[in-house]
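Biologist: Hello! Could you teach me how to read a structure, one feature at a time?

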Amino acid sequence: MTEDTFNKRWEEFEKRCRSCNSCGLRKDAKNVVIYRGSRRAPLMIIGEGPGKEEDEKGLPFVGQSGKLLQTLLGIYGFKPKDYHICNIVKCHPPENRRPEAYEIKACKKHLAEQFELVKPRVVLLCGSTAYEAFFGVKPVMHDVRGFFIERNGFYIMTTFHPAYALRNEKGKIPLYEDMGKVRKKLEELGAV
Ligand code: URA
């Protein structure tokens, strides 16, 4: 795909996201939060849904959780060209509640299109909502985090949500270690 075709497809994708009313979340949200980082990137990081700050700024992971995530990315030498950060749902759920199953389902078509365009080699799922949306089952986080699952040529790792690590000191080290494994895998793949 040429750069021009890609950019055109990306603009159309964003337009579809911004005009979407498939679930009720859009009506109370200020912004449709699509991504930050690069449009095409070897690492795709997927969180739950935009918080209040993300809704205000129109960018994912820019609040306290985002600061922790950004610190970890910096420690391992990731640059914005290396990652694409997004969420399972693109509109802020009121009161920062977890998105409902029907909201996740409604937003899935956008995430699938995003995935197709970004073409990551490694996907980092942050937290149980991202895991459940991806695999269709509720996880026990301590059992599912920290290792790769290979699917159709890409590698998926689940880790704790940065918000969990901020609330529970013992979540920080595993999150740090998991990001290190992600770096190593991307280096092995020659993708960074
Ligand atoms: N938590 C998330 O899951 N996503 C964000 O963008 C911010 C906080």
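Modeller: Happily, and let's begin with a pair of residues: isoleucine 45 sits opposite leucine 124 of strand E4. This is a predicted model, where local features need pLDDT of at least 70, side-chain atom pairs count only at pLDDT 80 or more, and totals for chains, interfaces and linings use all residues. Residues are numbered from 1 along each chain as its sequence is written, and side-chain values use heavy atoms, with hydrogens and water left out.

Biologist: What does a name like E4 stand for?

Modeller: Helices (H or I, at least four residues) and strands (E, at least two) are DSSP runs, numbered from the N terminus. Two strands pair if DSSP finds at least two bridges between them. Here E2 and E4 run parallel, joined by 4 bridges.

Biologist: How many bridges link E4 and E6?

Modeller: There are 5, again in the parallel sense. Leucine 125, for instance, has threonine 158 in E6 as its bridge partner.

Biologist: Which residues of E4 are buried on each side?

Modeller: Buried means under 20% relative accessible area, exposed over 50%, and partly exposed in between, using a 1.4 Å probe and protein chains only. In E4, Val122, Leu124 and Cys126 are buried on one side, and Val123 and Leu125 on the other.

Biologist: What does leucine 125 touch?

Modeller: Contact means heavy atoms within 4.5 Å. Beyond its neighbours within four places in sequence, leucine 125 is in contact with residues including Ile46, Tyr131, Phe134 and Ile156.

Biologist: And how should I read a nonpolar core?

Modeller: Think of a set of buried Ala, Val, Leu, Ile, Met, Phe, Trp, Tyr and Cys residues joined through side-chain atoms within 4.5 Å. The largest one here has 35 residues, and Trp10, Ile34, Met44, Ile46, Ile88, Val123 and Leu125 touch the most other members. Its largest share, 7 residues, comes from helix H4.

Biologist: Is lysine 185 buried or exposed?

Modeller: Lysine 185 has a relative accessible area of 16%, so this residue counts as buried. It is found in helix H8, residues 172-188. Leaving aside neighbours within four places in sequence, lysine 185 is in contact with Val122, Phe148 and Tyr155. Val122 is also one of the buried residues of E4.

Biologist: That ties the helix to the strand for me. Thank you!
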